[in-house]
Amino acid sequence: MGKILFGAGVLTGIFAAGHGLQGQDVPLSADFPEVYRVGGFDAPEWAEFSGSPSVNFDGAGRLYALDGSAGHVVVIDPSGSLVRIVGGPGEGPGEFNQPQDFVVWPDGRLAVSDVGHNAFQVFGPDGEFERFVRMGSGNDLFSGMSNMRSSLRPDPAGPAVVARGLRSQLGAFTSLLGELAGAEAAEEGGVDDRGLERLSLGGEEVVAETILEAWRPPVEGDEPEDLSLSDLTDPASMFGMMMGGERWFEPDLLWDLLPDGGIAYSDSSAYKVKVTDRTGRVTRTLGRPLVPEPVTRRIQSAMRAHELQSLEEGSGGGVFGGLGAAGAEGAPSSFLDQMKEAAREEIENREFFEEIPVLSVLRATWDGTLWIQRRGEEPWDASGPIDVMRVDGEYAGTFAAGATEMPAAFGPDGLVAFIELDELDIPSIVVRRLPAAVR
């Protein structure tokens, strides 16, 4: 086990990496041949991505890249050439105002979640605008923020998407911002981040149907107090809103949509992946003999030290790392200093879940094979080995930690897309092809 340096102190062996499972792993090669790459320092104008784009494939192997800052979707053919650009910044039909996420169906239709318009914008396979589908009441940015969903997936039966709800505290925070700006109040109901909905896009307004409500980790003590407008001026309260009382190592809802419209998900700290039909009914459970690591006082101390170090360095390596550069552009240094102090207090007082979840990421390939990432050697490391498992439970093998990242998108015929950043943080999209055994 490697050593972790925290200032003058050294902690060793705080996390039993792999929990003895390495000997049972069947190693897989991550030598995926490159098909093409676009972007980077010398890219043509259409491939000059202003940030890390969101990417999806259609059934013909075309890649779609949403550049949120540029306000458009770039469509790229299987050879890496430009097909078309869909949309652009603006206020009219087919123009985007704060695009948040998008989905692509196999036939090339796409829908963009446009927060500024508080609507999905739907486009045909030719890239032509078809219609707005309102997310709810209001047509402004704050209404759109209150009605947001996350992790959109295209329902194969269409025209619908499957989406996860927002954390309840984040939803309350955006509602407060909207109230402050005079926006219409968001409608009550729906799911939070422990649930999934199917959002029908067939009419003029989204129709939501709850299809899954995951296990909710029990919480001891009082419920968090309701937020008020005065909380927006207090850095400590703002951090409480952003973190929502979440504990370190509290198991997340990991999920992805399967080709038949079913769902694969994990909602606990165990190595347990549930597979459902399209109604959300669990039909089978997959797993491997790996148990969660108990959270000891030593692990708690190491986690706090790691986050405090990230905060001071401004490295972005931890939850609070991006606040380290107090006095950065855009905000008064006094306010940033208060935010940093509030972050420090949050780190020192934040509570822990009782064990460290085994899994960190779950994705499904185009064909329905599951890529299941385990946690790494250290408690804060989410980039551990990646197991490959068929939906019927057949285990194909494991990519060792660091051998490959989780793809940003899976496509047909083994196509996968990765986002790479160069030394100047300029993004490129790299498309590779997986061998048949792990598709």
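Here is a walk through this structure, from the whole chain down to single pairs of side chains. Keep in mind that the model is a predicted one.

Let's start with the overall picture. The protein chain carries 5 helices and 28 strands. Of its 439 residues, 49% are buried. The accessible surface adds up to about 19,900 Å², and carbon and sulfur atoms account for 47% of that. There's also a hint of how the chain folds back on itself: take the contacts between residues at least 6 apart in sequence, and 56% of them join residues at least 24 apart.

Now for the aromatic rings. A search of the whole structure turns up 9 aromatic pairs. Take Phe32 and Trp371: their ring centres are 6.3 Å apart and their planes meet at 50°, so this pair counts as tilted. Phe32 is in the loop between strand 2 (9-12) and strand 3 (34-39), while Trp371 belongs to strand 23 (residues 370-374), so the two rings tie together parts of the chain that are 339 residues apart in sequence. Buried or exposed, then, is Phe32? With 4% relative accessibility, Phe32 is buried. Trp371 comes in at 0%, so Trp371 counts as buried too. These two rings have company, since Phe32, Trp371, Phe399 and Phe410 form one aromatic cluster.

Another pair to look at is Phe96 with Phe123. This one is edge-to-face, with 5.8 Å from centre to centre and 75° between the planes. Phe96 sits in the loop between strand 7 (82-86) and strand 8 (99-104), and Phe123 in strand 10 (residues 119-123), which puts the partners 27 residues apart and links distant parts of the chain. Phe96 has 3% relative accessibility and counts as buried; Phe123, at 1%, is buried as well.

Next, the charges. The structure holds 26 salt bridges. In one of them, the side chains of Arg149 and Glu197 meet at 2.7 Å, N to O. Glu197 is part of strand 14 (residues 195-200) and Arg149 is in the loop between helix 1 (141-146) and strand 12 (150-154), so this bridge ties together parts 48 residues apart in sequence. Both partners are charged residues tucked away from the surface: Glu197 is buried at 2% relative accessibility, and Arg149 is buried at 17%.

Arg153 is worth a stop of its own. Its side chain meets that of Asp256 in a salt bridge of 2.5 Å, N to O. Arg153 is in strand 12 and Asp256 in strand 16 (residues 254-257), so that distant parts of the chain, 103 residues apart, are linked. What else does the charged end of Arg153 do? It sits over the ring of Trp255, 5.3 Å from the ring's centre. Arg153 has a relative accessible area of 18%, and since buried means under 20%, Arg153 is buried. Its partner Asp256 is buried at 2% relative accessibility.

Back in strand 14, Arg198 forms a salt bridge with Glu209, at 3.8 Å from N to O. Glu209 lies in strand 15 (residues 207-213), so this bridge ties together parts that are 11 residues apart in sequence. Here the two ends are set in different surroundings: Arg198 is buried, with a relative accessible area of 9%, whereas Glu209 is partly exposed at 46%.

Some salt bridges join up into a network, which links Asp25, Arg288, Arg374 and Asp387. Arg288 also appears beside an aromatic ring: its charged end sits over the ring of Tyr395, 4.0 Å from the centre.

Finally, have a look at helix 4 (residues 297-313). With 17 residues at 1.5 Å a residue, the helix should span 24 Å, and its end C-alpha atoms are indeed 24 Å apart, so expectation and model agree. Which residues of helix 4 are buried? They are Ile299, Ala302, Met303, Arg304, His306, Glu307, Ser310 and Leu311. Just past the end of helix 4 comes Gly314, which takes a positive phi of about 65°.

Notes. Residues numbered from 1 in each chain as written. Predicted model: local features only at pLDDT ≥ 70, side-chain atom pairs only at ≥ 80, totals over all residues. Heavy atoms only, no water. Phe/Tyr/Trp six-rings, centres within 6.5 Å; stacked < 30°, edge-to-face > 60°. Helix = DSSP H or I, 4+ residues; strand = E, 2+ residues; numbered from the N terminus. Buried < 20%, exposed > 50% of the residue type's maximum accessible area, 1.4 Å probe, protein only. Lys NZ or Arg CZ within 6 Å of the ring centre and 35° of its normal. Contact = heavy atoms within 4.5 Å. Areas by Shrake-Rupley, 256 points an atom, 1.4 Å probe, with all protein chains shown as cover. Salt bridge = Lys/Arg side-chain N within 4 Å of Asp/Glu carboxyl O. Expected span 1.5 Å × (residues − 1).
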